[in-house]
Amino acid sequence: MAQIMLKRLLAPPAAAPLPAARLPLLPGLLLVFAAYLAVAQLTMAIGTAGHGLFVPFWPPAGIALAALVLGGGRLWPAVLLATLGSALISGFAPPTGLLMGAGNALGAWAGYRLLRGPLQFDPRLGRPQDVLHLCFSAPVLGGAISASLGVGALSLGGSLEPAQLLPAWRGWWVGDLAGTQLLAPLLLAWLQPREGLDQGRWRHLAVAAVVAAALSSLWFFSERAPESFAYAGLLLLLTLIWIAFSCELRLVTLALATTALTAAVFAALGTGPFANIEPQLVQVKLQVLIASLTAVTLALAAANRQRRSAEEDRNRAEERLEQVLDSLDDVIWTLEAEERRFSFVSGATQRLSGHSAAELYANAMRWADDLHPADREATLAAFERQFAGEAADQEFRIIRDGEVRWLRVRSHPVVVAERVVRIHGITQDVTSLHRAMDRLAASEERLRRALGASEVGVWDWAVETGNLQFVLAVADGNGYRLAERSVGLAEWEASLHPEDRARAMQALLDCRDGRSLRFRCEYRTHTRHGHWRWFRGEGQVVDSADGQARHLAGTFRDIHERKQVEAELEKLSMAVEQNPSVVFITDAQGRFEYCNQAFSEVTGYGLEDILEQTPRLLKSGLNEVGTYADLWRTINAGKTWRGRLLNRRRDGSIYVCLQAIAPIRDANGRITHFVSISQDLSELQESPDLWPPRRRS
């Protein structure tokens, strides 16, 4: 329980819920529908100039994916209606428009399910992998679905020739990819509550100025000196990296969006870095620029945010841990071995030793001034051994305000490169424990006198109160400790096995009432682990008044293992006795000692008939020459012999059996007995062609 509470105390605060989850459904649907439709129409109006049916990038794909991530699948109907409406408004034939819209909606849904399912995406974009999944994994899948259905619809509608299918599919797919990379991170960053660092207004203005300067330089230098584009691009990249490491995610996404939109304007005008480039390559270059800048910048921002979050969590955990340690009654400390100074001492040191942490920081041996004279030498020697790498677990006395108090110190040296660099330890006040142990020792001494005649434990029944006291001696190191348990008579009766309850209670009451001199009974009781165990109880009346018993006392013994052995032996005996196979056991000289019922039924000999006899009693003289010699040679070598034998019954008839004979060894490996198991095959004897003629032995 203490570990659980400590983990909860040191755990970082939970993340705030997403705002879309609190937005009512109808306003959410309307907002997504309107936003998608408006941005789609604006993009089509601006972006198709010079590009035919397609735009360089499709921001509505980012709106659809962000809406589903923030609001869940409940907003997908709005996405579906908006995609259908956008396609129809754009002037496509109804079948073509419907199929294109459905493709856009299904692509957004597939990307959302991929993020929320196997990728375990966190919309806070606090990890680099979340950025990569949002910018690549989801739009790659969603864009492929959207492009496949959209291009297929245009092909069926006659808007595309077969030779145009692959370029059209690639343009559509990359356009969705770029649109998602442009808008989805921006929406996720601005529509979620964030802890956000206090950047200050000056930082916002500085970022805006730097971004404007970088973009202006990209325009200015590229226009007059195209070869300087590389330098302008480097300046832009460095600016975005600085923003990623210096600003919160909102400002990072805003800078990226500004960069992307400016680049789109350059691309549409065919100027700057997009001057003198074939129209079909403008889209590719623009999309590559957006994808690379977005992925790199957001990944760096996420990594930086993750690092800062980890540092903040660590600082909070350290503060909380220090508060927890100061609230403990025990002193937690760390000693630097080389300097022999304390680098940390928890606040409990003032309560425990009377010395403040500042005193111990100033003088690491200040605690030794209070050592009891009888413990000083051993305690200081143990303290010195810690610097040699030996862990300490020692109790000693100090004298504080004229009172002797017991302390316990446990420490663990930290060894680096075979050298102790520091020692971690804990000091506890165990004075109350020692006082209790003194009282317990006196009590145990009285109980040990009662245990003198018992191997396990004793019991005492106070008849008037009905209280049963059990004292059990438990092995503890080189000696024993006493475990006590007190129950009422009714509770003890309820713990007995139903089959033993009446018999055990009757025996106890007979002893109490004088109908028997002693209580003797074997019974099962229900243990605290939920199992039944066998015990043997014995006792008698030890105190009485006016002919009435007042106390009964005696011993109890755990006989569960003995009972289990007896049960196993009985089960084994019954299994052998009732086995349909013929079983007999001989001593090392081959004299019968046991046979089961099947042996008697097959051979006609009972156990009393074969004792002191050998298996020669069954010899028929019809087995092959050398069979018995091989048999004895095998079993005397400690191996199992298996074979077929023709044996003679008591009435002189012959029966065939498949027989196995094996040696039985004692704990020293010496053969003491032989056991034979055979199967009667008499029903097969009547086949005249079954057994070939053989020489008799």
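**Notebook: a helix, a sheet and some rings**

I began with one residue pair: alanine 392 has its bridge partner, serine 411, in strand 4. I keep in mind throughout that this is a predicted model.

**Entry 1: the strands**

From that bridge I moved to the strands. Strand 3 (392-400) and strand 4 (403-416) pair in the antiparallel sense, over nine bridges. I then looked up the sheet. Five strands make up an open sheet in the order 2-1-5-4-3, and the pairing is antiparallel. At the edges I found strand 2 (341-345) and strand 3, each of which pairs on one side only. On average, neighbouring strands in this sheet are turned by 30° against each other, direction ignored. A reminder to myself: strands of a sheet pair through backbone hydrogen bonds, either parallel or antiparallel.

**Entry 2: helix 14**

Next came helix 14, residues 373-386. I noted 14 residues and a reach of 21 Å from the first C-alpha to the last, close to the 20 Å expected at 1.5 Å a residue. Which residues of helix 14 are buried? I listed Asp375, Thr379, Ala382, Phe383 and Gln386. Residues three or four places apart point the same way in an α-helix, because there are 3.6 residues a turn. I checked what the buried residues of helix 14 pack against, and found strand 1 (331-336), strand 3, strand 4 and strand 5 (419-429). Helix 14 lies across these strands, and runs at about 140° to strand 3.

**Entry 3: aromatic pairs**

I turned to the rings and got a count of 16 aromatic pairs. I picked tryptophan 459 and phenylalanine 519 for a closer look: their ring centres are 5.9 Å apart and the planes stand at 90°, so I logged the pair as edge-to-face. The pair links distant parts of the chain, with tryptophan 459 in strand 6 (residues 457-462) and phenylalanine 519 in strand 9 (residues 519-526), 60 residues apart. Are these two residues buried or exposed? Tryptophan 459 has 6% relative accessibility and counts as buried; phenylalanine 519, with a relative accessible area of 3%, is buried too. I also found a cluster in which ring pairs link Phe470, Trp492, Tyr523, Phe535 and Phe556.

**Entry 4: charges over rings**

Last, I looked for charges over rings. The charged end of arginine 340 sits over the ring of phenylalanine 387, 3.8 Å from the centre of that ring. I noted lysine 563 as well, which lies over the face of tryptophan 534, at 4.4 Å from the ring centre.

Terms used:
Residues are numbered from 1 along each chain as its sequence is written. This is a predicted model: local features need pLDDT of at least 70, side-chain atom pairs count only at pLDDT 80 or more; totals for chains, interfaces and linings use all residues. Side-chain values use heavy atoms; hydrogens and water are left out. Helices (H or I, at least four residues) and strands (E, at least two) are DSSP runs, numbered from the N terminus. The expected span of a helix is 1.5 Å times one less than its number of residues. Buried means under 20% relative accessible area, exposed over 50%, partly exposed in between (1.4 Å probe, protein chains only). Contact means heavy atoms within 4.5 Å. Two strands pair if DSSP finds at least two bridges between them. Axes are lines fitted to C-alpha atoms, for helices over the stretch in contact, and angles run from 0 to 180 degrees between N-to-C directions. Rings of Phe, Tyr and Trp (its six-membered ring) pair if their centres lie within 6.5 Å; planes under 30 degrees apart count as stacked, over 60 as edge-to-face and the rest as tilted. A charge sits over a ring if NZ of Lys or CZ of Arg is within 6 Å of the ring centre and within 35 degrees of the ring normal.
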